[in-house]
Amino acid sequence: MTEPKPRLLSGMQPSADSLHLGNYIGALLSWKALQETHDAFFFLADLHAITVPQEPELLRANTRRTTAQYIAAGIDPSRSTLFVQSQVPAHAELAWVLNTLTGFGEASRMTQFKDKAAKQGQEAASVGLFTYPILQAGDILLYQAVDVPVGEDQRQHIELTRDLAGRFNSRFGDTFTVPKPYILKDTAKIFDLQNPSSKMSKSAESHAGLIWLMDEPKVTAKKIMRAVTDTDGEVRYDREAKPGLANLLTIFAILDNRSIESVVEEFAGGGYGALKKALAEVVVGTLEPIRARTLELLDDPGELDRILGLNAERANEVAQQTLDTVYDRVGFLRRVR
């Protein structure tokens, strides 16, 4: 008898019409590999997306576009459960229960809320933005996930999830699996091409340093050729002294499936122009098939909706089982059917 695969859950917000290279390298490549070893649940975090204002029709379109990019990048909805968060009502329902177990001071210490609230102003920040780490905890605990692939910046949120799971289990009896963070390698962190001290992010002030998966190949190549480096012209890896070049070398090594040392060795003495030109070819060669497959999938939105519907049923079956147990243990009177 074979051992069941460990459960895994991760997701991204569908808040832009394209994912970027940081999403692809930092998340999707790992997800593609992890679906081989795990019972993987991947979701479109549209409930999280509305913690800041969204245009309704645009959010709907971006949810389909992000779904298509997931699939085009290698997430197989027949082997993994790929679903839209809002199509599984248990996410919002469990979040409310967990809200009642979370201290105000505890939630106030979440550093990502402080950062995001500082950008838009404390008065403009919604209560939803304040409590979204608790919704995130609900996302994870609903599926009894063992592993949660996240970057180092999300470790605090996983610790909150672990605390809430332990608190509920202690008060009401063993109910939740206490998850552990599956911290993605720091080498998978991709930085802005124009500001290599900042992580590549759709919230960047300028998109000149972002490589979007849906960019035209010529646009992608131009952004790489214009990437910030330094003036000494020596090809070597030094994250502190040469952050722009280190970023390009990291991207090259990951996408070409080789070591950074071998990339440095190939281009040592050749200047940055040759490196950038070769990197542009590697990036375009990687992303263009994803872009083409995404556009093909988007030509049939009805089929995308059908796939998401089937996967939502699969997710709902697992999530509802957990929620029923939670409701029973906190003492809710269940409706007779």
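Helices here are DSSP runs of H or I, at least four residues long, and strands are runs of E, at least two long, numbered from the N terminus. With that settled, open the predicted model and start clicking.

**First stop: the Q144 loop.** Select residues 127–142, which form helix 7, and 147–150, which form strand 4; Q144 sits in the loop between them. Check the backbone at Q144: its phi is near 50°, a positive value in a residue other than glycine. Most residues other than glycine have a negative phi. Is Q144 buried, partly exposed or exposed? Its relative accessible area is 22%, so Q144 counts as partly exposed, since buried means under 20% and exposed over 50%.

**Second stop: the N257 loop.** Now pick helix 10 (243–255) and helix 11 (260–267), and look at the loop between them for N257. N257 is not a glycine either, yet its phi is positive, at about 55°. Colour by accessibility and N257 shows up as exposed, at 72%.

**Third stop: the largest nonpolar core.** This one has 55 residues. Show L21, Y24, L28, Y70 and I251 as sticks: they have the most contacts inside the core. Then add helix 12, residues 271–298, which gives the most to this core, with 10 residues.

Zoom in on L21. Which residues does L21 touch, leaving out those up to four places away in sequence? Select G26, M200, I211, L213, I251, L255 and L287 to see them.

**Last stop: another core.** Apart from the largest core lies another one, of 32 residues. To find it, select A45, L141, V150 and V326, which are among its members. As a rule, nonpolar side chains in soluble globular proteins tend to be buried together.

Note on methods: Residues are numbered from 1 along each chain as its sequence is written. This is a predicted model: local features need pLDDT of at least 70, side-chain atom pairs count only at pLDDT 80 or more; totals for chains, interfaces and linings use all residues. Side-chain values use heavy atoms; hydrogens and water are left out. A nonpolar core is a set of buried Ala, Val, Leu, Ile, Met, Phe, Trp, Tyr and Cys residues joined through side-chain atoms within 4.5 Å. Buried means under 20% relative accessible area, exposed over 50%, partly exposed in between (1.4 Å probe, protein chains only). Contact means heavy atoms within 4.5 Å.
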